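The following exercises concern helix packing, surface character and charge pairing. Each task is followed by a solution worked in steps.

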Amino acid sequence: MALVIPLVPFEKYIIAHAIFCVIGFLGFLPLGALLARYTRTYTPSWFTAHWICQLALAGPTIIIGVALGIHAVNLSESGPINDTHKKWGIAIFVLYIVQVGVGLTVHYVKPRLWALGRGRRPAQNYFHAAFGLLIIVFAMYQVRTGFRTEWPLQTGRGSVGNGANGFWYFWIIFLIVLYVAGLGFLFRQFRLEREARRESALKDTPELKPIENGNEAQQTA
């Protein structure tokens with residue numbers, strides 16, 4: 001019969017840290033991105049769902065996860081930021097905070113023409129989307145270093161079973177497939193934005209008036 005060694009306190013905190021960070025970074029953040037990708041052309045409520053996932057749910061979850069990790073390091077006395085996992089962890093957490101700031105800027109500080117519905121989508125919007133995806137990719141790597149490298153290194157218990165590795169591969173592929181499929185909605189999104197710009201331009205152009213049958217516009221000059 002194999003000897004089972006009970007978890008010591010710092011190991012319990014490591015497990016709790018992993019659970020919260022996985023839920024925050026690979027659960028709520030991808031969910032928020034997918035909701036934006038799939039629903040933004042069908043309902044104006046997409047942004048509400050997006051920020052709830054990215055900030056209201058992911059934010060506290062990630063903060064708790066990071067705090068648990070720091071406490072585990074303190075309990076184990078393994079030293080601060082002295083390996084790849086810890087360095088990446090701090091970096092990704094800072095990037096997440098920056099991304100929240102970028103998202104708030106994109107939503108509340110808009111170029112004048114875009115705010116009026118006439119200009120093209122500003123570069124900051126594309127940056128926000130790409131930056132968010134990059135953080136999720138970094139988190140995918142970080143989770144893997146956590147259960148493949150950091151856990152054995154800090155606990156001496158050996159590597160986590162293949163079940164975790166298999167689920168990691170499944171979840172990453174699942175998220176990628178869902179997001180790539182959602183890119184198909186970009187055609188509808190861009191078409192709706194073009195139509196909105198045309199309607200806005202017609203409303204703001206005084207020399208164009210609709211003719212009696214309402215089928216087309218004519219110039220009065």
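**Exercises on a predicted model**

Ile-15 lies in helix H1. The model is predicted, and helix H1 serves as the starting point for the exercises below.

**Exercise 1. Packing of H1 against H2**

Task: Determine how H1 and H2 are oriented to each other, and which residue classes make up their contact.

Solution.
- Step 1. Helix H1 spans residues 9–39 and helix H2 spans residues 46–76; their axes lie 7 Å apart, at an angle of about 165°.
- Step 2. Angles over 145 degrees count as roughly antiparallel, so H1 is roughly antiparallel to H2.
- Step 3. The crossing of H1 and H2 is left-handed.
- Step 4. Sorted by class, the H1 contact with H2 contains 26 nonpolar and 11 polar residues, and no charged ones.

**Exercise 2. H1 with H5, and H2 with H3**

Task: Establish the relative direction and the handedness of crossing for H1 with H5 and for H2 with H3.

Solution.
- Step 1. For H1 and H5, the axes come within 10 Å and cross at roughly 165°.
- Step 2. These two helices, H1 and H5, are therefore roughly antiparallel to each other, and H1 passes H5 in a left-handed crossing.
- Step 3. For H2 and helix H3 (residues 84–108), the axes come within 11 Å, with a crossing of roughly 155°.
- Step 4. The angle makes H2 roughly antiparallel to H3. The crossing of H2 and H3 is left-handed.

**Exercise 3. A nonpolar surface patch**

Task: Which residues form the nonpolar patch on the surface, and which element contributes its largest share?

Solution.
- Step 1. The patch consists of Leu-7, Ile-15, Ile-19, Phe-20, Ile-23 and Ile-64.
- Step 2. Together, these residues have about 450 Å² of accessible area.
- Step 3. H1 supplies the largest share, 4 residues. Ile-15, a member of the patch, lies in this helix.

**Exercise 4. A salt bridge involving H1**

Task: Which residue forms a salt bridge with Glu-11, and where in the chain do the two partners lie?

Solution.
- Step 1. Side chains of opposite charge can pair when their charged atoms come close.
- Step 2. A salt bridge requires a side-chain nitrogen of Lys or Arg within 4 Å of a carboxyl oxygen of Asp or Glu. The count by this rule is 2 salt bridges.
- Step 3. In one of them, the side chains of Arg-157 and Glu-11 meet at 3.0 Å, N to O.
- Step 4. Glu-11 is in helix H1, whereas Arg-157 is in the loop between helix H5 (123–155) and helix H6 (162–182). The pair thus links distant parts of the chain, 146 residues apart.

Key. Residues numbered from 1 in each chain as written. Predicted model: local features only at pLDDT ≥ 70, side-chain atom pairs only at ≥ 80, totals over all residues. Heavy atoms only, no water. Axes fitted to C-alpha atoms, helices over the stretch in contact; angles between N-to-C directions. Parallel < 35°, antiparallel > 145°, perpendicular 65-115°, else oblique. Left-handed = near helix turned anticlockwise from the far one by under 90°. Nonpolar A, V, L, I, M, F, W, Y, C, P; charged D, E, K, R; others polar. Patch = residues over 30% accessible without salt bridge, like charges linked within 9 Å, V, L, I, M, F, W, Y side chains within 5 Å. Areas by Shrake-Rupley, 256 points an atom, 1.4 Å probe, with all protein chains shown as cover.
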